[in-house]
Amino acid sequence: MKKQPDRAVLITDAARSPDEQFRWRQIRYVTMMSIRAACLIVGAILLSVRPPLLGLWLVLCAAGMVFLPWAAVLIANDRPPKSKAERAADALAREPKPQTSLPQHSAEATEYLTIDLEPTDTGNWTPAEQRDREKS
């Protein structure tokens, strides 16, 4: 049974829904990829205009075109950090649960304990009869 929280959870403290998180990551990804496209266009314009320090500007544009996709994928696949409550729930779920064990029998009881019967046998035997059946 789940333990009820000591105090009510405010809706403003609630985490964003997975759909809302996904939408926000999509917007960030598209924004970064748009900046990459802008780097490509600016690089082409710079080549045609040939401003001073052209090499430096082209290196910056090339760096943006190379590193922005990598960063965009990392950021798009990232999720917000877990709250203390989520971390506590994960830790609780990982704790080993006590395993139930089979009932323990004394040595005397296990000597006469019948585990399996043949399908045709339906009678109850005394311990002496059981030993005789096992010997034969």
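**Close-up views of a predicted five-helix chain**

**View 1. Q21 has its place in helix 1.** In this predicted model, Q21 is classed as buried because its relative accessible area is 13%, which is under the 20% limit for that class. Beyond the residues up to four places away in sequence, Q21 touches R16, R79 and P80. Q21 belongs to a set of buried residues in helix 1 that also includes R25 and M32.

**View 2. The whole chain is helical in its regular secondary structure, with 5 helices and 0 strands.** Along the sequence the order of elements reads α-α-α-α-α. Of the 136 residues in the chain, 12% are buried. Among contacts with a separation of 6 or more, 52% join residues 24 or more positions apart. The accessible surface of the chain amounts to about 12300 Å², and carbon and sulfur atoms contribute 63% of this area.

**View 3. Helix 1 comprises 32 residues, and its end C-alpha atoms are 46 Å apart.** The expected span, at 1.5 Å a residue, is also 46 Å, so the modelled length agrees with the expectation. The buried residues of helix 1 are Q21, R25, M32, C39, G43 and L46. The cover over these buried residues includes helix 2. An α-helix has 3.6 residues a turn, so residues three or four places apart point the same way.

**View 4. The loop between helix 1 and helix 2 contains R50 and L53.** R50 follows helix 1 and has a positive phi, near 55 degrees. R50 is a residue other than glycine. R50 counts as exposed because its relative accessibility is 60%, and the exposed class begins over 50%. L53 likewise is not a glycine, and its phi is positive at about 60 degrees. With 63% relative accessibility, L53 also counts as exposed.

**View 5. Helix 2 covers residues 54–77, and its end C-alpha atoms lie 35 Å apart.** For 24 residues at 1.5 Å each, the expected span is 34 Å, so the separation of the ends agrees with it. Helix 2 nevertheless bends by about 30 degrees at F67, and the proline P69 follows within four residues. The buried residues of helix 2 are L54, C61, G64, L68, P69, A71, A72 and A76. These buried residues pack against helix 1, residues 18–49. P69 is thus named twice in this view, as the proline that follows the bend and as one of the buried residues.

**View 6. M65, a residue of helix 2, is in contact with R36, C39 and L40.** These contacts leave aside the neighbours of M65 within four places in sequence. M65 is partly exposed, because its relative accessible area of 24% falls between the 20% and 50% limits. One of the contacted residues, C39, is among the buried residues of helix 1. The C-alpha atoms of M65 and G43 are separated by 9.8 Å, and the two residues are 22 residues apart along the chain. G43 is also buried in helix 1.

**View 7. V66 lies in helix 2 and is exposed.** Its assignment as exposed rests on a relative accessible area of 54%, since the class requires a value over 50%. Between the C-alpha atoms of V66 and R36 the distance is 8.3 Å, with 30 residues separating the pair along the chain. R36 is also one of the residues in contact with M65.

**View 8. A nonpolar patch on the surface is formed by V66, F67, W70, L74 and I75.** Together, these residues have about 540 Å² of accessible area. F67 is found in helix 2, where it marks the position of the bend of about 30 degrees. F67 is exposed, because its relative accessible area is 52% and the class begins over 50%. V66, another member of the patch, has a relative accessible area of 54%. By contrast, L68 and P69 are buried residues of helix 2.

Conventions: Residues are numbered from 1 along each chain as its sequence is written. This is a predicted model: local features need pLDDT of at least 70, side-chain atom pairs count only at pLDDT 80 or more; totals for chains, interfaces and linings use all residues. Side-chain values use heavy atoms; hydrogens and water are left out. Helices (H or I, at least four residues) and strands (E, at least two) are DSSP runs, numbered from the N terminus. The expected span of a helix is 1.5 Å times one less than its number of residues. The bend at a residue is the angle between axes fitted to the seven residues ending there and the seven starting there. Buried means under 20% relative accessible area, exposed over 50%, partly exposed in between (1.4 Å probe, protein chains only). Contact means heavy atoms within 4.5 Å. Accessible areas come from the Shrake-Rupley method with a 1.4 Å probe; for residues, only the protein chains shown count as cover. Patches are made of residues with over 30% relative accessible area and no salt bridge: like charges are joined within 9 Å, nonpolar side chains (Val, Leu, Ile, Met, Phe, Trp, Tyr) within 5 Å. A salt bridge is a side-chain nitrogen of Lys or Arg within 4 Å of a carboxyl oxygen of Asp or Glu.
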